[in-house]
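Subject: Structure for you to look at

Hello,

Here is the structure I said I would pass on. Please open it and keep it in view while you read the notes below.

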Amino acid sequence: MYCPYCRHPDSRVVDSRLGDDGSAIRRRRSCPQCGRRFSTVETTSLSVVKRSGAAEPFSRGKVINGVRKACQGRPVTEDDLALLAQEVEENVRASGVAEIDAHEVGLAILGPLRRLDQIAFLRFASVYQGFESLEDFEAAIDALREQARDNERVPSGVQRPLTAQ
């Protein structure tokens, strides 16, 4: 790492800390030549490959803007959208690849959006998955209902609390 002050080709790391959301490392460095200190931020690059074949850096802002349209008129806050975008980025980065297909990013949005707001999920899925008929909507609604029923069921081996008679 070149010193930004004297251009000496080496520096010593004095301190390292994780960034706010854990996706970056902030390092405090010292130059052995001039003795001055400076900070660097290290991040990993993640590119999204579009249908056209062009690659662009992953952007939480794009995720938020795409989901915001589906959430229009719904009780979803900007903080909710920011947390959703962070979860999507974490899931995409966890795949361990440096380039990911745009379609995969869309799939990564569906799960967190389903948990956040089912109506927004249906709106997003209808565009993203190209619903073409009422049957497509009905199938998606049936899947949401089935998931809700599964979540209500008590796992086997777990006793229900006794109720007062």
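Contact here means heavy atoms within 4.5 Å. By that meaning, and not counting residues up to four places away in sequence, Ser16 touches Ile25, Arg26 and Arg27. Please keep in mind that this is a predicted model, and that what follows is computed from it.

Ser16

Ser16 is found in strand 1, which covers residues 12–18. The side chains of Ser16 and Arg27 are joined by a polar contact of 2.6 Å. Ser16 is partly exposed, because its relative accessible area is 36% and that class lies between the 20% limit for buried and the 50% limit for exposed. Ser16 and Glu90 are 74 residues apart in sequence, and their C-alpha atoms are 21 Å apart in space.

The chain as a whole

How many helices and strands does the chain have? There are five helices and six strands. Read from the N terminus, the elements come in the order β-β-β-β-β-α-α-β-α-α-α.

A compact globule of 165 residues would have a radius of gyration near 15 Å, whereas this chain has 23 Å. The C-alpha trace spans about 75 × 55 × 30 Å along its principal axes. Of the 165 residues, 26% count as buried. The chain exposes about 11500 Å², and 49% of that area is supplied by carbon and sulfur atoms.

Contacts can also be sorted by how far apart the two residues are in sequence. Among contacts between residues at least 6 apart, 42% join residues at least 24 apart.

Arg29 and Ser30

These two residues can be looked at together. Arg29 is found in strand 2, residues 24–30, and Ser30 lies in strand 2 as well.

Is Arg29 buried or exposed? With a relative accessibility of 10%, Arg29 counts as buried, since the limit for that class is under 20%. Ser30, at 12% relative accessibility, also counts as buried.

Which side chains make polar contacts with the side chain of Arg29? One is that of Ser11, with a polar contact of 3.3 Å. Another is that of Thr40, where the polar contact is 3.3 Å.

Leaving out residues up to four places away in sequence, Arg29 touches Met1, Ser11, Arg12, Val13, Val14, Arg36, Arg37, Phe38, Thr40 and Glu42. With its neighbours within four places left aside, Ser30 is in contact with Ser11, Arg12, Val14, Gly35, Arg36 and Arg37.

Cysteines

A disulfide is a covalent bond between the sulfur atoms of two cysteines. The count in this model comes to zero disulfides. Why does Cys3 not form one with Cys34? The cysteine sulfur closest to that of Cys3 is in Cys34, at 3.8 Å, which is too far for a bond because the two sulfur atoms would have to be within 2.5 Å. Cys3 is buried, with a relative accessible area of 0%. Cys71 is buried too, and its relative accessible area is 6%.

Aromatic pairs

The count of aromatic pairs comes to two. One pair is Phe124 and Tyr128, which is stacked, with 5.7 Å from centre to centre and 15 degrees between the planes. Phe124 and Tyr128 are four residues apart in helix 4 (residues 118–128), so about one helical turn separates them. Phe124 counts as buried at 12% relative accessibility, whereas Tyr128 counts as partly exposed at 25%.

Another pair is formed by Phe131 and Phe137, whose ring centres are 5.0 Å apart. Their planes are at 90 degrees, so this pair is edge-to-face. Phe131 is buried, with a relative accessible area of 18%, and Phe137 is partly exposed, with 33%.

A place to start

Try finding Ser16 and Arg27 on screen, along with the 2.6 Å polar contact between their side chains. After that, go to Arg29 and look for its polar contacts with Ser11 and Thr40.

Regards

Conventions:
Residues are numbered from 1 along each chain as its sequence is written. This is a predicted model: local features need pLDDT of at least 70, side-chain atom pairs count only at pLDDT 80 or more; totals for chains, interfaces and linings use all residues. Side-chain values use heavy atoms; hydrogens and water are left out. Buried means under 20% relative accessible area, exposed over 50%, partly exposed in between (1.4 Å probe, protein chains only). Helices (H or I, at least four residues) and strands (E, at least two) are DSSP runs, numbered from the N terminus. A polar contact is a pair of N or O atoms within 3.5 Å; within protein, one must be able to donate a hydrogen and the other to accept it, and residues adjacent in sequence count only if both atoms are side-chain atoms. The radius of gyration is taken over C-alpha atoms; the globule rule is 2.2 Å times the number of residues to the power 0.38. Accessible areas come from the Shrake-Rupley method with a 1.4 Å probe; for residues, only the protein chains shown count as cover. Rings of Phe, Tyr and Trp (its six-membered ring) pair if their centres lie within 6.5 Å; planes under 30 degrees apart count as stacked, over 60 as edge-to-face and the rest as tilted.
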